[in-house]
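Please keep the structure open in a viewer and follow the selections in the order given. Each stop names what to select and then describes what is found there.

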Amino acid sequence: MRVKTFRGESMAAVLSQVRQELGSEAVILGNQTVREEGKCLCEVMAALEQPNPAPTRKASGNGKARAGVPAESQAGPATSATPASGGDWNREWGEIKGHLLALLRPRMDFGTLSPRQRLALEFLEREGVDEASVLALYRSIVERGEDTVIPALSRLLRVKPLTTRDWPETAHMFIGPSGVGKTTNLLRLALTARRQEPARRVVVVNADGGRGKGRLLLRHYAELSGLAYAEADGPEDFRRIFDEAAGGDAVFVDTPSVRGDGAMEGWCREMGISGRKGLCAHLALSPLYAAPQAAQFLRVYRCEPLASLVWTKLDEACNYGSLVNMAHASSLPVSALAYGPELTQGMTPASGKAVWKLLFKHQLPGDYPDAEAGV
């Protein structure tokens with residue numbers, strides 16, 4: 001079997017390379033988006049079963065067949081075993097190939113869809129939407145007999161804008177891996193709350209005891225912006241902060257990065273905030289993460305207060321299939337979209353329109369005039 005990895009600017013270009021070099025019998029083993037010299041490329045691993053060479057027969061030492069002895073009996077034992085061994089391998093590879101195709105391409109008959117629906121699903125596949133999510137969309141369309149893909153996609157990728165109207169909870173906790181932009185997004189939303197309700201006390205809470213310089217930065221921005229600042233290193237600190245906020249304060253909590261499956265759930269129990277009413281958590285992720293990374297982050301940060309996904313660094317990504325994959329895997333709505341480094345701009349509450357333009361047209365919320373004002 002011959003296995004080779006191909007890269008290109010689009011899935012169509014890569015598949016063309018596969019067909020040219022390996023032919024139409026090649027099997028796609030996997031695909032992903034990679035970055036190379038600052039550019040996003042599609043990477044495909046393909047395999048091809050190579051035919052066995054024709055068996056050769058060894059003559060006797062003098063190069064001539066022995067008189068009166070059938071040619072078959074003059075072949076050594078290794079030669080006679082070769083065809084059988086090759087046949088076994090062919091059957092085994094045929095079974096493996098069948099299993100791979102069943103796993104990589106679930107049973108879907110795109111012929112039952114309209115041309116518009118088929119093109120939409122094929123586009124989503126090229127954008128990095130995984131097979132499980134495409135299959136869920138396909139089944140939803142077929143079962144309901146719908147004319148377009150958007151209704152099925154809306155059920156799979158739900159939107160709940162991160163606004164005070166849709167999220168009346170008094171405390172919001174931002175969780176996620178280091179470097180994803182938790183602190184920046186927290187400050188953006190805290191400043192928005194301060195601007196929309198000047199009379200309301202807004203508190204930013206640093207619960208990451210290992211931040212060092214980052215802790216001073218958060219405090220500095222809070223003081224410059226007229227926000228109250230607090231630090232929480234244990235359950236007593238959280239109890240005091242939430243008791244003080246019971247009168248109607250808006251509280252935004254910056255959390256530490258953790259490791260290990262279920263680690264955030266354990267941290268919430270340790271801090272005494274599991275089961276607290278009026279608290280919701282938002283998981284910040286970036287479409288730059290590979291699918292295995294994103295899946296691992298979901299296992300690490302899933303916890304009782306987790307209520308939504310916040311997508312960050314959208315301006316650095318080349319496709320947005322991750323939004324569909326994670327929505328399907330987590331069953332969580334998307335609440336906010338962040339697409340720039342500016343503190344007072346570059347983030348907006350999620351909306352169906354913004355998500356569809358991002359997914360199908362690669363348009364950031366700030367790229368079109370009728371987009372909602374950025375946070």
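## A helix enclosed by its surroundings

Select helix H7 and, within this predicted model, colour Lys182, Thr183, Asn185, Leu186, Leu187, Arg188, Leu189, Ala190, Leu191, Thr192 and Ala193, the residues of H7 that are buried. These are 11 of the 15 residues of the helix, so H7 is largely enclosed by the rest of the structure. The helix covers residues 182-196. From its first C-alpha to its last, H7 reaches 21 Å, close to the 21 Å expected at 1.5 Å a residue.

## The whole protein

Now zoom out to the full model. The secondary structure comes to 13 helices and 11 strands. Of the 375 residues in the protein, 44% are buried. Among contacts with a separation of 6 or more, 72% are between residues 24 or more positions apart.

## Where H5 meets H12

Select helix H5 (residues 131-144) together with helix H12 (residues 321-330). How are H5 and H12 oriented to each other? Their axes lie 9 Å apart and pack at an angle of about 75 degrees; the two helices are therefore roughly perpendicular to each other. To see the contact itself, display Ala132, Ser133 and Ala136 on H5, and Val324, Asn325 and His328 on H12. By class, this contact of H5 with H12 has three nonpolar and three polar residues, with no charged residues.

Remain on H5 and select serine 140, which lies in this helix. Serine 140 counts as buried, at 13% relative accessibility. Not counting residues up to four places away in sequence, serine 140 touches Glu146, Ala152 and Arg155.

## Salt bridges

Two of these neighbours of serine 140, Glu146 and Arg155, lead to the next stop. Display the side chains of arginine 155 and glutamate 146, which meet in a salt bridge at 3.0 Å, N to O. Arginine 155 is partly exposed, with a relative accessible area of 31%, whereas glutamate 146 is buried, at 18%. In the protein the count comes to 11 salt bridges; two others are visited here.

Select arginine 201 and aspartate 249, whose side chains meet in a salt bridge at 2.7 Å, N to O. Which parts of the chain does this pair link? Arginine 201 is in the loop between H7 and strand S5 (202-206), and aspartate 249 is in the loop between helix H9 (235-244) and strand S7 (250-254). The pair thus links distant parts of the chain, 48 residues apart. Arginine 201 counts as partly exposed, at 40% relative accessibility, while aspartate 249 is buried, with a relative accessible area of 11%.

Move next to glutamate 223 and arginine 219, whose side chains meet in a salt bridge at 3.3 Å, N to O. Both residues belong to helix H8 (residues 213-225), and because they are four residues apart they are separated by about one helical turn. An α-helix has 3.6 residues a turn, so residues three or four places apart point the same way. Glutamate 223 is exposed, with a relative accessible area of 52%, and arginine 219 counts as partly exposed, at 41%.

## A buried phenylalanine in H9

Select phenylalanine 238, found in helix H9. Is phenylalanine 238 buried or exposed? At 2% relative accessibility, under the 20% limit, phenylalanine 238 counts as buried. Leaving aside neighbours within four places in sequence, phenylalanine 238 is in contact with Ala207, Ala232, Val253, Trp267, Met271 and Ile273. To examine one of these partners, draw a distance from phenylalanine 238 to alanine 207: the two are 31 residues apart in sequence and 9.0 Å apart in space, C-alpha to C-alpha.

## A buried serine in a loop

For the last stop, select serine 286 in the loop between strand S8 (279-285) and helix H11 (291-301). Although placed in a loop, serine 286 is buried, with a relative accessible area of 4%. Which residues are in contact with serine 286, leaving aside its neighbours within four places in sequence? Display Val180, Trp311, Thr312 and Lys313 to see these contacts of serine 286.

Definitions and conventions. Residues numbered from 1 in each chain as written. Predicted model: local features only at pLDDT ≥ 70, side-chain atom pairs only at ≥ 80, totals over all residues. Heavy atoms only, no water. Expected span 1.5 Å × (residues − 1). Buried < 20%, exposed > 50% of the residue type's maximum accessible area, 1.4 Å probe, protein only. Axes fitted to C-alpha atoms, helices over the stretch in contact; angles between N-to-C directions. Parallel < 35°, antiparallel > 145°, perpendicular 65-115°, else oblique. Contact = heavy atoms within 4.5 Å. Nonpolar A, V, L, I, M, F, W, Y, C, P; charged D, E, K, R; others polar. Salt bridge = Lys/Arg side-chain N within 4 Å of Asp/Glu carboxyl O.
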